Every structure is written in structure tokens, then in C-alpha cells.
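Let's take a walk through a protein model together. Keep the 3D view open and turn it as you read.

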Amino acid sequence: MPAVQETVERVKRIDVDQYRYGFETLIESEKAPKGLSEEIVKFISQKKNEPAWMLQWRLEAYRRWLTMQEPTWARVDYPKIDFQDLYYYAAPKPKKTVTSLDEIDPEILKTYEKLGIPLREVAMLEGVEPKVGEEDPARRKIAVDAVFDSVSVATTFKAELKKAGVIFMPISEAIREHPELVQKYLGSVVPTSDNFYATLNSAVFSDGSFVYVPPGVRCPMELSTYFRINERNTGQFERTLIIADKGSYVSYLEGCTAPQRDENQLHAAVVELVALDDAEIKYSTVQNWYPGNSEGKGGIYNFVTKRGDCRGANSKISWTQVETGSAITWKYPSCILRGDNSRGEFYSIAISNGFQQVDSGTKMIHLGKNTSSRIISKGIAAGKSQNTYRGLVTAHRKALGARNFTACDSLLIGDKCGAHTVPYIEAKNSSATFEHEATTSKISEDVLFYCIQRGLSQEEAVGLVVNGFVKDVLQQLPMEFAVEAQKLISISLEGSVG
Amino acid sequence: MNVAVAKTGNGRAVSDLFASAEGRLPGSPGVAALRREAFETYERLGLPHRRIEEWKYTDLRALVGEVLPLAAAPDAAALKRAAEAVTAHAIAGARKLVLVDGVFAADLSDVKALASEVSIKTLREVLADEANPAAGDLLRTAATDAVISLNAAVATDGVVVSVADGTHLSAPIQLIHIATAAGASAFTRSHLRIGKGVRATLVETFVAAGKASGYQVNDAVILWIGDDADVAHIRLMDDAPDAVNVSSHFVTVGAAVKFNFFNMTTGAAVSRLQGFITLSGEGSELSANGVNLLQKTEHGDTTLVVDHAVPNCVSRETFRAVIDDRAHSVFQGRIIVRPDAQKTDGKMMTRALLLSDEAEADNKPELEIFADDVSCGHGATAGALDDSLLFYLKARGLPEKQAQALLIQAFVGEAIEQIADDDLREHVIGIAERWLERRS
């Protein structure tokens, strides 16, 4: 397999404990004062030129948040977060009004270049991009919305998308330009009262992406958002809202990175998906926030609420995630299967190494008739990490003919890590059919021996086995991401064997 | 937990219960102090509710509401009714130890026949023995929660059995819990210490005598199994349809032991069996199985925590639930593999069969693994009877109910088959058959 060989070479070049995206971009930024208060919420809202209803919405969330308590049920352990010691708003300082990509701070553009984000669509459109080679005819166009600290800095391919009727813009702009859509759907899947972090996000979210695909439209390209936390002591709170109207289709990719820092940084995002009749949303994430160093210092706290609502009949929402980063991950992308015959899917690879702690999984809530769901989760724990799958499958009394299949497998590399499985399976009517299976094991000695005997090093052999272990999920990723994800997996496991 | 939630009207009712019962609870002054401490723990926690993770699906505050006053010691009439129940539920050939309304009934028990092979005392006499400094240990357990604390606080009686090393018991020991009173509660606690190389079969039976109804049972069993022992433990819970049964088992398994546990729930409006099994010696094999047969509005919860504390042990769990009408079955199984418990082989399979559209099955099979060289897995399914199988049987002339009964029998059979003893297995199959007859 050429891809694997490539992976192995890449791993060789990289030293243990090297986070590829750990650089910092030195640009001037504008920050709100530290701490959280009604004034800060008002400040953010004002900065964004928001209408009064939006400010009201935020303030209600903020007041509710004050009454809530941090959840403690997950299997993660971290010092108490001082929510007053964070910056809730940081934006690259505007030099002047940005009208085109060229006017964006070149430092930021360089950052994204380093990250490999194809922001320079202009060049591509003009046909000056280098020939990729004939073996790559499937190379598709990807529209990118790049979010730097709290602010969306560039959205590409806007014009082409507009032609198709697709709205893809920073949510701050959508609030101003499409208030009727935002007002109708924002908070309709994850209400402001949902949970501690979602409520906090509702109060202080600064930007994120907004997608609306009109009825019957198949979005002509992959949409993508790249999130980057740059500033020190900032929390990133982005909010994504995707609406697929009747009979439409959209595929959305999300990637995340952050500089290497000794302090822990907070990331509390909310993603809401709404699929109406016959619509389909495919949401893929490659999460590679800074995981902390080999002593467990620093890293991102990733407390994310992601939920999709299959509101219409025959709708489908599919989550695919590759989780390799963050010091702590706390996220459960869920599907509410409300429409009859709707379908939810969750494919996940969660890799933890070093001192990382992952508590992730999904919820499949069957409400409509003949709804089906599928969960494939692969957890890999190495180093001194703890990796937990936590998932809920529930069929409501009226969810006749609900079907679920769940397979969650865990792989342990080393004897200092832990892998845990906590599924909740609730059948409330007899026509629901649920199947769940889970296994935990280490890489078989026989398999390793076989590979090593054929000339692979220990590390190469492990890479090969791991890639085979996660193949079911990798296949679900859009091609561009699949290659990237495969490399990431190898890098994440670097230093875990031998 | 939010302490404010714990203070309910029920909490106060229980305080009164303890105050009125304290005088008649057996125990030396040291034991009394322990009881008070346990009761304070209970008072602080209150009855478990859904916000407590382990009790998420069995919210005793909603299901039970209050703890009933302690049952009075059985009078002659009660003992007479109990005797009839003993005759009806005794397993042929087994030696009986009978507890009536939470009090040991020597006259109904086979103390003499047992005395030749094992040592038997009652919890009451051990606790009251002021010369025994270790008496208080009987009220301590490795894990605790509100119901376990309450049991330690007000347990009235139980048996303390010890089987010497190398003994091969010639007959099963059957511990029969009988309720004769209505609207009262019985708190019992039994200790069984099985020596090295022992072969023993224990059967526990929970039944109501005559028309006893609306009662509550809170039982605890603490079982130690010595190295190289081969022990079967079968628990049959068939309490009155409106009774409550909450039982906690603590089992510590030594090295190279074979331990086979089976639980069958066919009665009680609300029941929970929570078993905490610790494999503390290498090379042991555990088989823990259960069947819940539930109907009407019954709520049956089986929670098993298997803790692999040492390397090289094997555990197997097979659980089946058949749920009819508006009944609710809960299975929570957790396999824990401690950091050094390499070469652990743990498997757990739980399946629920829903016979009615209003039935509910909640499964929570957990794996908690801290060692890498292990092979652990679990499976869980929930669903209705297979239509094509039903059709096959009906096409061959079987009436609907009979065809269903046949399939249900096969379904629960997989768990019942794990019982090694032929006679006991037949006895359990008999209970399942009677349940199916009751259904049709």
C-alpha cells in the first residue's frame, strides 16, 4: 500500500513530541478585556454589528449560564477552569476594510498556507495552479471559510456558490444578511439552555460558518471551515449552523489546529445541523488541536456540542470524525431522527496518546417511524491516555421499526493507557431492533510477528495494523481528508511503541 | 450530588423508622455505633434516584417512594404460613436455612443436618456477641451506596455460614427468604465464607407466604470463595407481584476458583439485584448469568460489576430479558480490568426480547479497561420475536401463544443452560415454564 509507506516515511521524519501545527502567527489582534460579564456579551454583539434580537438572545443565554454547573459525569479529569481568566473575543486587528482576499493580512494567509488550506482559489480559478497529475482526476473544488481566533477571515468561492443558490458565509454576516433564516433555525437543535458549554457558547460565540442549501440543490462543491486558535489565553467559541432544505445535499468538512502553548486553552463550539425532507448532510471533522506536550502540559480543552436534526422525512445526517488532538475531548455528535425513514450515521476514530483524555461518542435518538442509525467507533489508546466511548441509542415509544447497529472497538497500545466503553441502549417499543457489539484488545502478537518477519519495523507494523483497524471509518471521509487523516493517525501514535 | 434533593418527606419517614427500630436491632454498643454511622450515610444520600448514574434506570424515589416500617418478628400463625411456603418452594434434597420476615426461623431450617458439614450462626448472635471484636466487620462492605448503607443500619438477621477447607458439600444449601407480613420491610444480611478446595451449591429463594403483599425486602449477601473452590450460586427471586426487592451481592473470588452464578427474576413490582464480583486470585473462571421474566408493570434491574483485579482470569456473562405488557427491564453490566490484570478474557452478552409495544429494555454494558494484553468484548441486542420463526412454527400447526412460548424458552435457554447441576437447571426451567403458562 503506497499510502502506508508514505505515512511511515513521514513518521520517520518527525520527532516524537512534535506537533506540526504548533507555530504561532505574530499579528496584532484586538481583544476584549479578560473575563465574562454582560458588558463583554454586549461588546461582542456590538463588535459584530448585531441586531437587537441577537443581543437579547445572547444575554438570555448568559443569564442562564450563570445558574448552571459544569458537567462532571464524563471520564475526564482537569483542574477547574477559571472562566474569568479568559479572553472571550480576539480578532486580527483590521488594517482596513477587507474587500478581497489580497487585502487580508499576509501573515494570516501564510498561516493557512502552512496549514495547507487552499485559500488561494483565485489562482486556481485562473488556471495557474500546478498540474496535479493525471492520477488525481477526482480533485474537487473546496470552498473554505477560515476562522482565525474568533473571527472568520476569509470565505472562498462565494460567487460560484451564490450561482447555485447556496449561502455559505460567516455566521456573523448571516445574522445581518439573512436574519429570517438565522432566527428560525439558530438554537432550534441545540437550545440555549442545552448544557453548560453550549449555553456559554450561545452567550459569547463570535463567529463560525453558516450554510443554507435551498430546496433540490446539490451543493456543487465540498464546503470547509478551518479553525485556528492563535491568541494566548483565548477561548474559541464558534457556532456553525447548516440547513439543508428539502431534497438538497451538502458535504461539509471541518479542521482545527492551534499553536503549542503551555497553558490550556478552551474551545467550546456548537454545531447545529437541520435536514428537511429528503435532504442529506455529511459532516466530517479532522480535529487536531494541540494535545499538550509529552508531560501532559498545555493543550486544548475541546468541549463541543454537535447535534443534527433529521427534521424531515427521508432525511439523512452523517457524522465522520477523526479525533487526534486536544488535551481533553468531550464531544458527542448526535442525531435526532425525527422524520419518518430518516437515517443517522456516526463514524469515528478517536486516538489518544501522551496524557490525552477522550470522552466521545454519539447519541442516536429515534423518534420517527422506520428510522435507522449506524455507529462505527474505533478508539485507539496509547501512552498514558484514557479513551472512552460513550454512546446512547434510544427508540421512543412511537419510533416503530427503529433499527440500530453499533460496533465500537478499542485498541490498546501499551500498558499505561485505558480504553472504556459506556453504551446506553434504550428500547421503548418492541419493533425496535438494536444490535450492539464492542471489543477491546491489543494488537495481536501473531500479526505483529508476521509483519516484522516480512521486514517491517515494529513501528511500521503497528502503523499497518492501525490503518487496517480504522479503515471502515477512513473510507467515509472525503478523499482529501482521508489521506490527511491517515497521516495524522500515524503521527499521533508516534512514540507509542517500542 | 445535590444535597437539597435528598431531603424528601420519605427521608423523614425513614428517620422515624430508624428511631423506632433502633432499640430492637441486635448488636453490641460498638455495632450500634456503626449502625448509626451507616444510617447517617443513608440519610445524607436518601433513596437513589435517576440523577445518580448507577441508578439512572431504577429511580427508587419514583418507583418506591418510601421505606416501609420494619416487619414485626413472625408470630406462630406467620410461621405456620411460612412453613407451607417452605414446603412449596424447597428444592428436593437441599438443606434449608429459612428467614421469615427478616428473622431466622430455626424450626423451619435444617440446622442439624447442616451442622455436620458447615458452621452456622445467625447474624443476630454474632452481632450481639460483645466478646467478638470483629462483629462490626459484618456490617462493612467494599462498596457502598444508599441502599447498602440502609441495610447495614437496620439489618435484623441473616446467616453467617463458614465452610471449612476441603469440604465437599453433599447437598445444596438453600437460603429461603419468606415474607408473611403486608406493608412492612425486612432487612437481612448473610455472610458465607467458603474455604479452599470446597465444592458447594448455594440456592437463594425469595417468596411470599400466602397472601403477603406490598412488602419490601432489602438483602445483602457477602460471599468469600477460597482458592481452588468450585461454587455454584443460584438466586431465584419470585416475590409477590406488588413487592419490592433490592439485593446487593459482594463476592470475593480467590485463585483457581470456578464460580457459577445465576439469577432469575420472576416477581416483585420493583426489583434490583446489584452484584459486585471481584476476581482477586489468578486463574479463576467466572460465569455470571441471569434471566428477567417480566410482565404487567414490573421493573426488574440486574446490575453486575465484574472486577478483574488480577491477571489471567476468565469471565463470561450471559443475560436474557423477556419483557411483556408495560414491564421495564434493566441490565447494567460492567467489566473492569485493573492495570495489572493482563491476559484477562472477559465477555458479556445481553439480549432483550420485547413482547409488547409498551415494554421497555435498557441495556448498559460497560467496559473499563486499564491493561493492554486483554481480550474483552460485549454485545447487546433488543428486539421482538422473529416473525419468520413464528410463521414457521404456526405453519406447522402450533397456536400463536405456544409458538411464542417455544421461542421464548429457547431464548432464555441460553442463559439457563449455564447452570451445571441437572436438577437445579430443571427446577429453573420449570419456573420459566410456569411463567409462560401464567402469561397465556
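B:Met237 stands opposite B:Thr265 in strand β11 of chain B. This pair sits in a predicted model, where local features need pLDDT of at least 70, side-chain atom pairs count only at pLDDT 80 or more, and totals for chains, interfaces and linings use all residues. Residues are numbered from 1 along each chain as its sequence is written, while chains are lettered from A and ligands numbered from 1 in the order in which they are written.

**A strand with partners**

Strand β9 of chain B (residues 230-238) pairs in the parallel sense with β11(B), residues 258-265, over eight bridges. Two strands count as paired if DSSP finds at least two bridges between them. Helices (H or I, at least four residues) and strands (E, at least two) are themselves DSSP runs, numbered from the N terminus. Strand β7 of chain B (residues 199-208) is also joined to β9(B), in parallel, by nine bridges. Here B:Leu202 has B:His233 in β9(B) as its bridge partner.

Is β9(B) largely enclosed or not, and why? Eight of its nine residues are buried, so the rest of the structure largely encloses β9(B). A residue is called buried if 20 or more other C-beta atoms lie within 10 Å of its own, exposed if 12 or fewer, and partly exposed in between, with C-beta atoms placed from the backbone.

**Chain B as a whole**

Step back, and chain B shows eleven helices and 19 strands. Its radius of gyration is 21 Å, close to the 22 Å that the globule rule gives for 440 residues, so chain B is as compact as a globular protein of that length. The radius is taken over C-alpha atoms, and the rule is 2.2 Å times the number of residues to the power 0.38. Along its principal axes, the C-alpha trace of chain B spans about 70 × 50 × 45 Å. Buried residues make up 55% of the 440 residues in the chain.

Two residues are in contact if their C-beta atoms, placed from the backbone, lie within 7 Å. Among the contacts in chain B with a separation of 6 or more, 83% come from residues 24 or more positions apart.

**Two helices side by side**

Now look for helix α10 (residues 400-416) and helix α11 (residues 422-439) of chain B, which pack at an angle of about 150° with their axes 11 Å apart. Axes are lines fitted to C-alpha atoms, for helices over the stretch in contact, and angles run from 0 to 180 degrees between N-to-C directions. From α10(B), the residues B:Ala405, B:Ile408, B:Gln409, B:Val412 and B:Ile416 meet B:Arg425, B:Val428, B:Ile429, B:Ala432 and B:Leu436 in α11(B). The residues of this contact divide into eight nonpolar, one polar and one charged. Ala, Val, Leu, Ile, Met, Phe, Trp, Tyr, Cys and Pro count as nonpolar, Asp, Glu, Lys and Arg as charged, and the others, Gly among them, as polar.

**Where the chains touch**

How many residues does each chain bring to the contact? Chain A gives 30 residues and chain B gives 32 residues. On the side of chain A, the elements giving two or more residues are β23 (403-413), β24 (418-427) and β25 (433-442). That side has twelve nonpolar, twelve polar and six charged residues. Six bridges join β24(A) to strand β18 of chain B (residues 360-369), and these two strands run antiparallel. In β18(B), B:Asn363 is the bridge partner of A:Ile425.

**Some single residues**

The table sets out four residues to find in the view.

| Residue | Place | C-beta neighbours within 10 Å |
|---|---|---|
| B:Thr180 | loop between β5 and β6 of chain B | 24, buried |
| B:Asn312 | loop between β14 and β15 of chain B | 17, partly exposed |
| B:Lys343 | loop between β16 and β17 of chain B | 16, partly exposed |
| A:Leu273 | strand β12 of chain A | 33, buried |

B:Asn312 has a positive phi near 60°, in a residue other than glycine. B:Lys343 is not a glycine either, and its phi is positive at about 60°.

Leaving aside neighbours within four places in sequence, B:Thr180 is in contact with residues including B:Pro74, B:Val100 and B:Ala209. For A:Leu273, with such neighbours again left aside, the contacts include A:Val189, A:Ile242 and A:Tyr283. The C-alpha atoms of A:Leu273 and A:Ile242 are separated by 4.8 Å, although the two residues are 31 residues apart along the chain.
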